[in-house]
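Please read the following explanation with the structure open beside you, and look up each residue as it is named. The path goes from single residues to the core, and then to the empty spaces.

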Amino acid sequence: MGNKKKRSYKYLIVVLIGTFFIAALLGSGTETILRYMPLSLAWILLVVVIAVGIVFDVLGVAAAAADEAPHNARAAKKIFGARQSVHLIKRADRVSNFACDIIGDITGTLSGAIGATIIMNLLSSYPELSKWQLLLNVLILAVIASCTVTGKAWAKTFAINEANTILDYAGRLVAGFEKVTRLNLTGATKRGGK
């Protein structure tokens, strides 16, 4: 029991420090890039960031909702990616935390920052809009929030209904990544998942 607590505390410390540095790096990088980016590309980047948050939400919920038995059966048949799927399901709490909380919150923060930068760029490009600044702020941030929340609501329903299929594809993606990079992220042996 003591070892589990130690591992849990270590994981929380890694999450705390890792999230801080990832958010700081992405936030400062995005802010710098957006200053020199045309307005149309800023909108595209905003859509991409929201989409990444939704995709990771699908993965996090699917990992928690998936049934391990069919993936174990696939792993026994040595199907490519099956062991990686089992690994993700067995660590559903961490996968869900990483995908929904860490990536989800970072993309949420980034989308807000991108929205604020878009507003500033609009005001500097079109000074006549300055009298509508408050309305622009509310409107753009409301659009970002509603798209994010609606996307994540859809993602959760989709992920719960298609959890095993999603984890099948996720396992194959992880196995493919491990094969290309020769990294063993999931601890899967060559016998069944590669």
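In this predicted model, Trp43 is found in helix α2, which covers residues 39–65. Is Trp43 buried or exposed, or does it fall in between? Its relative accessible area is 35%, and because buried means under 20% and exposed means over 50%, Trp43 counts as partly exposed. When residues up to four places away in sequence are not counted, Trp43 touches Ile118 and Ile140. The chain also brings Trp43 and Gly115 together in a way that the sequence alone does not show, for these two residues are 72 residues apart along the chain, while their C-alpha atoms are separated by 8.4 Å.

The two partners of Trp43, Ile118 and Ile140, lead on to the largest nonpolar core, which has 36 residues, and in which Ile118, Ile140 and Leu167 are the residues with the most contacts inside the core. At least two residues of this core are supplied by each of the helices α1 (2–35), α2, α4, α5, α6 (133–161) and α7. The largest share, eleven residues, comes from α5. As a general background to such a grouping, nonpolar side chains tend to be buried together in soluble globular proteins. Leu167 itself, again without counting residues up to four places away in sequence, touches Ala62, Ala63, Ala66, His71, Ser85, Leu88 and Ile89.

Helix α5 also holds Thr117, which has a relative accessible area of 6% and is therefore buried. A polar atom of the side chain of Thr117 lies 2.9 Å from the backbone oxygen of Ala113.

A charged residue can be examined in the same manner. Arg74 lies in helix α3, residues 68–76, and its relative accessible area is 15%, so Arg74 is buried, since the limit for that word is under 20%. What joins the side chain of Arg74 to that of Asp168? The two side chains are joined by a polar contact of 2.5 Å. Apart from its neighbours within four places in sequence, Arg74 is in contact with Asp168 and also with Ile79, Phe80, Ala82, Ser85 and Arg172. Ser85 is thus a residue that is touched by Leu167 and is in contact with Arg74 as well.

The remaining topic is empty space. Rolling a probe the size of a water molecule over the atoms shows where such space is left. The largest pocket has a volume of about 530 Å³ and is lined by 17 residues, of which Phe56, Leu59, Leu88, Val95 and Val174 lie nearest its centre. Two or more residues of this lining are given by each of α2, α4 (82–90), α5 (92–125) and α7 (163–181), and α7 gives the largest share, five residues. What is the character of the residues in this lining? They divide into 13 nonpolar, two polar and two charged residues.

The structure also holds one cavity of 30 Å³ or more, and about 40 Å³ of space lies in the largest cavity. The residues that line the largest cavity are Val49, Ile50, Gly53, Ile54, Thr107, Gly108, Ser111, Thr148 and Lys152. Helices α2, α5 and α6 each supply at least two residues of the lining, with α2 giving the most, four residues. Here the lining divides into three nonpolar, five polar and one charged.

Conventions: Residues are numbered from 1 along each chain as its sequence is written. This is a predicted model: local features need pLDDT of at least 70, side-chain atom pairs count only at pLDDT 80 or more; totals for chains, interfaces and linings use all residues. Side-chain values use heavy atoms; hydrogens and water are left out. Buried means under 20% relative accessible area, exposed over 50%, partly exposed in between (1.4 Å probe, protein chains only). Contact means heavy atoms within 4.5 Å. On a 1 Å grid over the protein atoms alone, a cavity is a set of points where a 1.4 Å probe fits but cannot get out, and a pocket is an open set with protein on both sides within 12 Å along at least five of seven lines; lining residues have an atom within 4 Å of a point. Grid points are joined across faces, edges and corners, and a volume is the space filled by probe spheres set on the points. Ala, Val, Leu, Ile, Met, Phe, Trp, Tyr, Cys and Pro count as nonpolar, Asp, Glu, Lys and Arg as charged, and the others, Gly among them, as polar. A nonpolar core is a set of buried Ala, Val, Leu, Ile, Met, Phe, Trp, Tyr and Cys residues joined through side-chain atoms within 4.5 Å. A polar contact is a pair of N or O atoms within 3.5 Å; within protein, one must be able to donate a hydrogen and the other to accept it, and residues adjacent in sequence count only if both atoms are side-chain atoms.
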